[in-house]
Amino acid sequence: QVQLVESGGGLVQPGGSLRLSCTASGSRASIYKMAWYRQAPGNQREWVASITSAYSTNHAESVKGRFTISRDNAKNTLYLQMNSLKAEDTAAYYCAAGRTNYENYTYWGQGTQVTVSS
């Protein structure tokens, strides 16, 4: 069992920055991959970025150059640094974790709301 808890969301003006955090707990087993997803009302869930236990990263084209995913394995914590935020970034952001490179993400957090508005 792995529990994921996100934090750091809030209201920010266009062009501003936020850093989201996700802390994992409840299991001694290692987590191979972690990711950030987001979902706005009326939209499908969208993949944002992913990272492996070896710190290999990938980012969606819509956020490349603006968002940076990272993780601290010793602290069991995932981060998403978001810069140059746009109104279209408004969504509930969720962290996810999986134990292998081949299977779907198994564990999900409760989400944290990010609202970009002037």
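Strands are DSSP runs of at least two residues in state E, numbered from the N terminus. The model described here is predicted. Under that definition, Thr-77 falls in strand β8, which covers residues 77–82.

Strand β8 belongs to an open sheet of four strands, whose order is β1-β3-β8-β7 and whose pairing is antiparallel. The edges of this sheet are taken by β1 (3–7) and β7 (67–72); each has a single partner strand, so one side of each lacks a neighbour in the sheet. Direction ignored, neighbouring strands of the sheet are turned by 15 degrees against each other on average.

Two of the pairings can be described by their bridges. Strands β1 and β3 pair in the antiparallel sense over five bridges. Within this pairing, Leu-4 stands opposite Ala-24 of β3, and Glu-6 has Cys-22 of β3 as its bridge partner. On the β8 side, β3 is joined to β8 by six bridges, and the two strands run antiparallel. Here Arg-19 has Gln-81 of β8 as its bridge partner.

The surroundings of Thr-77 were examined next. Thr-77 has a relative accessibility of 8% and is therefore buried, the cut-off being under 20%. A polar atom of the Thr-77 side chain lies 2.9 Å from the backbone oxygen of Lys-75. When neighbours within four places in sequence are left aside, the contacts of Thr-77 are Ser-21, Cys-22, Thr-23, Ser-70, Arg-71 and Asp-72.

Ser-21, one of these contacts, is found in strand β3, residues 18–25. Its relative accessibility of 15% places Ser-21 among the buried residues. With neighbours within four places in sequence again left aside, Ser-21 is in contact with Val-5, Glu-6, Ser-7, Trp-36, Thr-77, Leu-78 and Tyr-79. The contact between Ser-21 and Thr-77 joins a residue of β3 to a residue of β8, two strands that are paired in the sheet.

Cys-22, another contact of Thr-77, takes part in a disulfide. The count for the structure comes to one disulfide, formed by Cys-22 and Cys-95 with their sulfur atoms 1.9 Å apart. The torsion about the S-S bond of this pair is about 50 degrees, so the disulfide is right-handed. Cys-22 lies in strand β3 and Cys-95 in strand β9, so the pair ties together parts that are 73 residues apart in sequence. A disulfide is a covalent bond between the sulfur atoms of two cysteines. Both ends of the link are buried: Cys-22 has a relative accessibility of 0%, and for Cys-95 the value is likewise 0%. Cys-22 is thus placed by three relations, namely the bridge to Glu-6, the contact with Thr-77 and the disulfide to Cys-95.

Charged side chains were considered last. The structure holds four salt bridges. One of them is formed by Glu-46 and Arg-38, whose closest N and O atoms are 2.8 Å apart. Glu-46 has a relative accessible area of 31% and is partly exposed, whereas Arg-38 is buried at 6% relative accessibility.

Another salt bridge is formed by Asp-89 and Arg-66, with the closest N and O atoms 2.8 Å apart. This pair links distant parts of the chain, 23 residues apart: Asp-89 is in the loop between β8 and β9 (91–98), and Arg-66 is in the loop between β6 (57–59) and β7. Asp-89 and Arg-66 are both buried. Together with Arg-38 and Glu-46, these two residues are linked in a network of salt bridges.

A further salt bridge brings together the side chains of Glu-61 and Lys-64, at 2.9 Å from N to O. In this pair Glu-61 is exposed, at 63% relative accessibility, while Lys-64 is partly exposed, at 48%. The Glu-61 and Lys-64 pair therefore has no buried member, since buried requires a relative accessible area under 20%. In the Asp-89 and Arg-66 pair, by contrast, both residues are buried.

Note on methods
Residues are numbered from 1 along each chain as its sequence is written. This is a predicted model: local features need pLDDT of at least 70, side-chain atom pairs count only at pLDDT 80 or more; totals for chains, interfaces and linings use all residues. Side-chain values use heavy atoms; hydrogens and water are left out. Buried means under 20% relative accessible area, exposed over 50%, partly exposed in between (1.4 Å probe, protein chains only). A polar contact is a pair of N or O atoms within 3.5 Å; within protein, one must be able to donate a hydrogen and the other to accept it, and residues adjacent in sequence count only if both atoms are side-chain atoms. Contact means heavy atoms within 4.5 Å. Two strands pair if DSSP finds at least two bridges between them. Axes are lines fitted to C-alpha atoms, for helices over the stretch in contact, and angles run from 0 to 180 degrees between N-to-C directions. A disulfide is a pair of cysteine sulfur atoms within 2.5 Å.
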